[in-house]
Amino acid sequence: MDALAGLNPAQRKAVEAVRGPVLVHAGPGSGKTRVIVHRIAHLVASCGISPHSIVAVTFTNKAAREMAERLGHLLGRQAGELSLGTFHALCAGILRRDGAAVGLHRRYSIYDDGDQIGLVKRGLQDLGLDPRAYNPRALLTAIGAAKSRLLTADEYVQSSQSYFEEVVGRVYLRYEMLLAQNQAVDFDDLLMKTHHLFQSQPQILARYQAGYDHVLVDEFQDTNPTQYALARQLAAGQSNICVVGDPDQSIYSWRQADLRNILDFERDYPEAQVICLDQNYRSTQTILEAAHSVVSVNEDRKETELWTENERGLPVVVLEAESESDEARFVVREVARLLAGGDVSPEDCAVMYRTNAQSRALEEAFIRRGMPYQVIGGVRFYERREIRDLIAYLRFLYNPYDDVSLLRIVNTPLRGIGQRTLDEFRSWTGQVGIPLYAGLQRLCEDGPANPFGTHAAAALGRLASLVRDLSARSAEVDVARLLDSVLEMTGYQAYIIESADGEERWQNVLELRGIAASYQHLDPQQGLTAFLEGVSLFSDTDELDEKTGRTTLITLHQAKGLEFPVVFIAGMEEGLLPHFRCFEDREQMEEERRLCYVGMTRAKKRLYLLRAVRRTFMGGVTANPPSRFLGDIPRKLTRSATVYGEEAEPGSPVVAAAVEFQAGDHVEHPKFGQGVVVASRSTGDDSELEVMFAGLGRKKLLASLARLSKSSPE
DNA sequence: GCCTCTGGATTTTTT
DNA sequence: ATCCAGAGGC
């Protein structure tokens, strides 16, 4: 095997630079994955490095799988010995093995977003704070941000500067306590606790460092400081660390990804080799130039430009539609037209958008035309109620300290344990000083001689023996059979089938059953561990399948790393892309630009930028001006067109009302002063505006009542 | 204890 | 438009 075959000089250099720190700057379509794969193959096949001592971190599980597959072709069996995965998956494994050193049981739970919100709300309650006065979401974001910067609750409290931060600090402390009680971690904890483990237990770190001589990090621009710190810890033994990224494609700052990691890398490893991959193999010259014209407006940016030997190609199509349904109809018609041409198949096409809500109109159009499509993300499988319920059952059986899961299933399906009984039960276990699950055990042992009223005692007793029987079962049978037992013994199956949309929900349950069945080859304990971990760390992009014969509908964020011959970007409007939440902040606005750049550079041959003049949004109608990004693309690269459908006339009153004030307009209010319209919805003959006023925040106003006047921006 | 109704908030992106 | 929490009736 020749790991260097077919590489250009820069790629070859990146593959061969095996010693010491390396920073690879890889623009879109520059063969980044190729470089990583060949670098690993080169390390193993030519340098004689053991695959056991290589760890490669990817952004998604899917990326890890694909890499594993390609390496399988190059290295055969040895590829299975590499450590490949996301930071989260790798950390979950490390904590499973060594978490005891930081107070974590072997069987801990991983809490997702919904669980976390629940814990924050409980924390607020415990502290006697009103969950309506303090938005749990905002608190959780603040806590997550702290964890992404390795700030513990104590440190946070020490350093809090404002009243809000003080509240966050108190909630953070409480939240951590609740997690510990439940033997649970959140996503950020997977990283932070691993880091803490390594820091506090040098002998454990040494073991991993000795194991990992070579550390690779993909999508480095989207790592957060905690992830970077982890990578440094792992690489500290040999300093053979290679990070690959592209600052222009950094689109996850809201998840605390920090571009400064790239600068820090050069500071932390001054001897690092920097290699730039700037030849693009993916797109036409026209597409590259158009994309560059959008991203190059950014001020926080080193000027780099990709070049390509590919043909000039077709102009970028810029299309104005009357409504989102016209926009969607155009997409479907155009896909059909290209299919008829013969050289394009449905899976060659992708439709991208800023927000998941936009997928709806598109989906309808595909359905109406009978065209095959797949939506990535959207209503997520693992967020469906029936799925969460069943996972809660399994999670509680796996980790009995997991009260969040227990409380979810205590009365699902209904078994007569209402709020009242539950409160009594909880205060009883509190008084006795035992965890909830132990309380249930005790009820089992004591039989009817418990301190509750007859009705409650009977209901609790039934739950207790149910739990006892199911946990006995969990030690004996594989995940799929355990799930069967849950469905049967709890009456959940009947409960689902009789519920509204029972048929559909039961199908979901069967799908989960199928996923569980894929863990059958493991012993009961390992199987349950692996299943729950897989479920927790699963991401929507993981299910993306490129060879389906279906057109892909996907958010711009999820599209990162993918490529398609034909790309449509829908909703090129002020308020959507860029999103109105970013109007006020230059850095965020620059990220919107990068997001647009990421979308455009997914396209190989054909790129369509679409917008709708009028769009339904939260019940009302909004009218958004064209995205400023469209204006940055030189006209010579584009071809413009308009589509107007039959159902709407441009001059209709509905449209007129919404057009009066548009998202992005600067306005003046007699009392509130200067502001920016962030949303306008037309409701019949009036429009309801949301305006962001300097210092006052968002206010909702009726256009007919509030005496607003348009003003010029500064 | 459970069901239904209402009003309010809520949607940006996700490991 | 849809989801949630809280109130009130059975």
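**Overall fold, strand S15 and the second largest pocket**

Buried residues (under 20% relative accessible area with a 1.4 Å probe, protein chains only) account for 56% of the 714 residues in chain A. This is a predicted model, with local features needing pLDDT of at least 70 and side-chain atom pairs counted only at pLDDT 80 or more, while totals for chains, interfaces and linings use all residues. Residues are numbered from 1 along each chain as its sequence is written.

As for overall dimensions, the C-alpha trace of chain A spans about 85 × 75 × 55 Å along its principal axes. The radius of gyration, taken over C-alpha atoms, is 28 Å, which agrees with the value near 27 Å for a compact globule of 714 residues. The globule rule here is 2.2 Å times the number of residues to the power 0.38.

Now for S15 (residues 620-623): Gly 620 and Thr 622 sit on one side, Val 621 and Ala 623 on the other, and all are buried. In a regular strand, side chains alternate between the two faces of the sheet. S15 pairs with S14 (residues 603-617) in the antiparallel sense over 4 bridges; pairing takes at least two DSSP bridges. Arg 614 is the residue opposite Ala 623.

S14 turns up again at the second largest pocket, where S14, helix H14 (324-341) and helix H15 (359-369) each supply at least two lining residues. Of the 26 lining residues, Glu 324, Ser 325, Arg 360, Ala 361 and Thr 616 are closest to the pocket's centre. Lining residues have an atom within 4 Å of a pocket point on a 1 Å grid, a pocket being an open set with protein on both sides within 12 Å along at least five of seven lines.

Technical notes: Chains are lettered from A and ligands numbered from 1 in the order in which they are written. Side-chain values use heavy atoms; hydrogens and water are left out. Buried means under 20% relative accessible area, exposed over 50%, partly exposed in between (1.4 Å probe, protein chains only). On a 1 Å grid over the protein atoms alone, a cavity is a set of points where a 1.4 Å probe fits but cannot get out, and a pocket is an open set with protein on both sides within 12 Å along at least five of seven lines; lining residues have an atom within 4 Å of a point.
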